[in-house]
Amino acid sequence: RTPVPLMPLLVALALLSPWGPAGGSCPPRCVCASNILSCSQAALGSVPAPLPRFTAVLDLSHNNVTRLRADWAPGRLAHLHAMLLSHNGLSFVSTEAFAHVPHLRHLDLSSNRLRALEENLFSDLTELEVLLLYNNEISAVDRTAFENLARLRKLYLGQNRIARFPLELLRDGSRLPQLALLDLSANRLRSVPVGELQALPAWLRDRLYLHDNPLACDCQLFQLVARGHRRRLSAVVDFQEELRCSLPAAPAPVGILALANRQPLNCSEAREAVLEAHLGDSVTLGCDTRLRGVRSRHWVTPGGERVSEEGGNGSAALLANGSLQLRALRPEDAGTYACWVAGPLLNETLYVELLVHNFTLHGPHDTLNTAYTTLVGCILSVVLVLIYLYLTPCRCCCCRGGAEKPPAPRDDSINSSVLSATPNHAAAVPGEPCRSRSASAAGQNGKFKVGGTPQAPPRHGPKAQRKVSDPDSVSSVFSDTPIVV
């Protein structure tokens, strides 16, 4: 046998390996498997360099990387989609730290020492879907920290020191349009804008976690939590015991749901109603309260805007009896309206869900037009079929004399059909009114021969006494030309 040179074989294997010279070597104290680079618990003080360019998952958790500078990745890591930096004592992140990882989808910065989310901190991560920032020391959140995060679905900010979160970023749905989970639990929130929370999409209200915050008790907060409990929202049902608030004279926080009919607030359960309207209509939303001696009354629109007794707000106006009048309805006027009523002994909230249909009440309805057209088409089709089957025109009575054509033999050929375009009539007898064989001949059962080979003319008798119709021609029941066999 011819021995194979060992050195060329090793070089070839190194070139074919993903960790060969073409892709970069595995950093020291790290474990490399396929496109995963794990450097967890390696006592690293900085991000190892150089990193293989094909790295898809980078695990740097449980190290001592306290600062993430802009040059931590000198080259572009186009394949990196998950980066784990939890438990590092991280206190500084450069605003340009993520410029080289544009396709990152999962970023874990939890359990560190971050104190603020600065301006445009994550603006380069346009494909980010999950952002974990819980268990830090965050107390300030800039309004532009989450710019360009159009694909972000989950944002975890629990166990921080946030006293105010800019919920107005979520109200119109343009900043974080796909956000479906927001965790603000275990922070320092003392109040929440209930009107803005009511304006959030339903899928986000179901995953908005506010438990373990030092919230101040009021009836609006009670109505918000009670409504979520009645609708079985997981953020309320799963953390019912942790949803607590502080009363002015109470020594310890009390359960928010325990505020019902309790002094000194005497909050009552909210009532709900549904109202349907059409584009361009004017509707009046009633606020029929059971309270006497009402001190104040105001409405909150689905967009979180308050309409008080002082006047109207755009197309909405508060009437003297407390009802809300909406003029010239638009599609954006649909949603849930809340009427807040404050009395001397009790507070009450009424919710009205307004459904605005996308057509006017007196204008043309596209849906009805489509249904009407379909119905008329079906009726006409049935009428045409009945005319075709039972009102087939008779051929001319003045038929030429001669030998009577023998009836075609019956068969069960595949060419026989009840929908033949060329009926098979018997020859007419001179002096007698002609009749359709489909109506008088016994044994035909209304069937006609279609698409088959025409009968060959008999060998005896003149050919001029008989005409054979073309089986490929199309005969209409409304034709003025008689059908001659």
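1. Aspartate 206 and arginine 207 form a salt bridge, and their closest N and O atoms are 2.9 Å apart. Arginine 207 has a relative accessible area of 30%, so this residue is partly exposed. The structure discussed here is a predicted model, and the values below are computed from it.

2. In outline, the protein has eight helices and 26 strands. Of its 485 residues, 37% count as buried. The accessible surface comes to about 27,700 Å², and carbon and sulfur atoms account for 55% of that surface. Taking contacts between residues at least 6 apart in sequence, 62% join residues at least 24 apart.

3. One sheet deserves a look. Nine strands make up this open sheet, and their pairing is mixed. Going across, the order is β1-β2-β3-β5-β7-β9-β11-β12-β13. At the edges are β1 (31-33) and β13 (208-209), each of which pairs on one side only.

4. Inside that order, β9 (residues 130-132) and β11 (residues 154-156) pair in the parallel sense, over three bridges. Leucine 131 has leucine 155 of β11 as its bridge partner. A student can find this pair of leucines in the viewer and use them to locate the two strands.

5. Two salt bridges link distant parts of the chain around these strands. In one of them, the side chains of arginine 153 and glutamate 129 meet at 3.6 Å, N to O. Arginine 153 sits in the loop between β10 and β11, and glutamate 129 in the loop between β8 and β9; the two are 24 residues apart. Arginine 153 is partly exposed because its relative accessibility is 32%. Glutamate 129, at 26%, also counts as partly exposed.

6. The other bridge joins glutamate 137 to arginine 115, with the closest N and O atoms 3.5 Å apart. Here glutamate 137 belongs to the loop between β9 and β10 (140-141), while arginine 115 belongs to the loop between β7 (106-108) and β8 (116-117). They are 22 residues apart. Are the two partners buried or exposed? Glutamate 137 has a relative accessible area of 21%, so it is partly exposed. Arginine 115 has 59% and is therefore exposed.

7. A search of the whole structure finds five salt bridges. Arg330, Glu332 and Asp333 are linked in a network of such bridges.

8. Next, the interior. Nonpolar side chains tend to be buried together in soluble globular proteins. The largest nonpolar core of this model has 77 residues. Trp72, Phe122, Phe146 and Phe165 have the most contacts inside this core. The elements giving two or more residues to the core are α3 (194-198), α5 (219-230) and β23 (335-342). Helix α5 provides the largest share, six residues. Another core lies apart from this one; it has 18 residues, among them Ala277, Leu285, Cys287 and Trp299.

9. What does phenylalanine 165 touch, not counting residues up to four places away in sequence? The list is Val141, Phe146, Leu155, Leu157, Leu170, Leu182, Leu184 and Leu189. Leu155 has come up already, as the bridge partner of leucine 131.

10. Helix α5 contains valine 225. With a relative accessibility of 6%, valine 225 is buried, because buried means under 20%. Leaving aside neighbours within four places in sequence, valine 225 is in contact with Val236, Leu243, Ile256 and Leu257. Its C-alpha atom is separated by 9.5 Å from that of alanine 235, which is 10 residues away along the chain.

11. Histidine 211 lies in a loop, the one between β13 and β14 (215-216). Is histidine 211 buried or exposed? At 8% relative accessibility, histidine 211 counts as buried. Apart from neighbours within four places in sequence, histidine 211 is in contact with Ser185, Ala186, Phe239, Glu242 and Leu243. Leu243 also appears among the contacts of valine 225.

12. Finally, a nonpolar patch is found on the surface. Val382, Val385, Leu386, Leu389, Tyr390 and Leu391 make this patch of about 640 Å². One of them, valine 385, has its place in helix α7 (residues 366-390). Valine 385 counts as partly exposed because its relative accessibility is 46%.

Terms used
Residues numbered from 1 in each chain as written. Predicted model: local features only at pLDDT ≥ 70, side-chain atom pairs only at ≥ 80, totals over all residues. Heavy atoms only, no water. Pairing = 2+ DSSP bridges. Helix = DSSP H or I, 4+ residues; strand = E, 2+ residues; numbered from the N terminus. Patch = residues over 30% accessible without salt bridge, like charges linked within 9 Å, V, L, I, M, F, W, Y side chains within 5 Å. Areas by Shrake-Rupley, 256 points an atom, 1.4 Å probe, with all protein chains shown as cover. Salt bridge = Lys/Arg side-chain N within 4 Å of Asp/Glu carboxyl O. Buried < 20%, exposed > 50% of the residue type's maximum accessible area, 1.4 Å probe, protein only. Core = buried A, V, L, I, M, F, W, Y, C linked by side-chain atoms within 4.5 Å. Contact = heavy atoms within 4.5 Å.
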